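Q: Could you take me through one part of this model up close, strand by strand, and then show me what sits around it? Keep it chatty; I have the structure open next to me.

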Amino acid sequence: MRVVEFGKDGALRVILANPRGFCAGVVRAIEIVERAIERYGAPVYVRHEIVHNKHVVDTLRRKGAVFVEELSEVPAGAMTVFSAHGVARTVEEEAAARGLPVLDATCPLVTKVHLQGRRYASAGRTLVLIGHEGHAEVVGTVGQVDAPVHLVSSAAAVADLDLPDDGEIAYITQTTLSVDDTRSIIAALKARFRNLIGPDVSEICYATQNRQTAVRDLCRVADLLLVVGAANSSNSSRLRDLGADEGLPSYLVADGSEIDPAWFEGVETVGLTAGASAPDALVDDVIAALRRIGPVEVSQLDGIEETLEFALPRELRGPMTAASHAAMAN
């Protein structure tokens, strides 16, 4: 990388968001795959990327995970893991019909959305899902409800819903959305439908909310925002969008190799965060890339301490071997 002239002091201040990176659901999903490989041996088949991050997927692949998009790619009797995004009931039924042993790594907060949707549908309400079409979580959620689900991704799209204004309507939300966008869509739903129920915006995934709050704080002190995460990671993209909404040049990068020195000409302070599926190693890689183009000073904002942990499936509980712990640390 070429050397650039940072701000007036010559050194780039990098301020880390707090919290950032892995959430409890991602930690649980990755550990499920790692423990399954240790306990049952490789290969272990994972339907869809366990989380949306190439670094994580490639690391697990080297350890013995095989990632597939359809269960038809899984050999008979092979240990199978469902990704953190959740799956449709038809996938669960196909696995059961084939007698595949399954470990479900669906994030418990996604499972909560599934249960909400089924409860509203069973009460006879028409269900609206706030989310992005085609996202793995949305596909799984729609497939978990035995009733039609109407997808809406913006406040403007609420007017296009082919539903009666006086109908009994309920809504649920994708867990990785922008809190502000979701709030505006809920407001539009409430303005149109007189008989509407659904969860408060505060029930959006705690990790999504915490990381978005941390980025808002970061944007108050930074000149430019870097978000570490995959292009297909919804929560990472929302963090980048939030920075742009705050008026900062904002970039989503997979790792340090995607850093463009031209971004930092004259920049004094960079805010750095990571999506919920991006490991700290990639944040470190971005900092190393910045140091190759000039002197860097790193600090961290105060923030919310996350202590939530999700239990593993019963089959995988118990101590891991020392070798497995060492592998997880790398």
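A: Let's start with β6 and strand β7 (residues 149–152), which pair in the parallel sense over 4 bridges. Keep in mind that this is a predicted model. If you want one spot to click on, try I130: its bridge partner in β7 is V152. Between the two strands comes helix α5 (residues 136–142), and β6, α5 and β7 together make a right-handed β-α-β unit.

Now look at the other partner of β6. Strand β8 (residues 168–173) also runs parallel to β6, and 5 bridges join them. I130 is handy here too, as its bridge partner in β8 is T173. So how covered is β6 itself? Strand β6 spans residues 126–130, and 4 of its 5 residues are buried, which leaves the strand mostly covered.

While you're in this part of the chain, have a look at F193. You'll find F193 in the loop between α6 (179–192) and β9 (195–197). Is F193 buried or exposed? F193 has a relative accessible area of 2%, and because the cut-off for buried is under 20%, F193 counts as buried. As for its company, F193 touches V158, L161, L163, P164, D165 and I169, leaving aside residues up to four places away in sequence. Take L163 from that list: F193 and L163 are 30 residues apart in sequence, but their C-alpha atoms are 9.1 Å apart in space.

Then swing over to another sheet, an open one of 5 strands with parallel pairing, in the order β11-β10-β12-β1-β13. Its edge strands are β11 (250–253) and β13 (296–300), each pairing on one side only. On average, neighbouring strands in this sheet are turned by 25° against each other, ignoring direction. At the β11 end, strand β10 (residues 224–228) runs parallel to β11, and 4 bridges join the two. One pair to click on there is L225 with its bridge partner in β11, S250.

Two helices to check on this sheet are α7 and α8. Helix α7 (residues 206–219) packs on the sheet and touches β1 (12–16), β10 and β12 (269–274); the direction of α7 makes about 175° with that of β12. Helix α8 (residues 234–245) packs on the sheet as well, touching β10, β11 and β12, and the direction of α8 makes about 165° with that of β11.

Note on methods
Residues numbered from 1 in each chain as written. Predicted model: local features only at pLDDT ≥ 70, side-chain atom pairs only at ≥ 80, totals over all residues. Heavy atoms only, no water. Pairing = 2+ DSSP bridges. Axes fitted to C-alpha atoms, helices over the stretch in contact; angles between N-to-C directions. Contact = heavy atoms within 4.5 Å. Buried < 20%, exposed > 50% of the residue type's maximum accessible area, 1.4 Å probe, protein only. Right-handed = clockwise from strand over helix to strand, strands pointing away.
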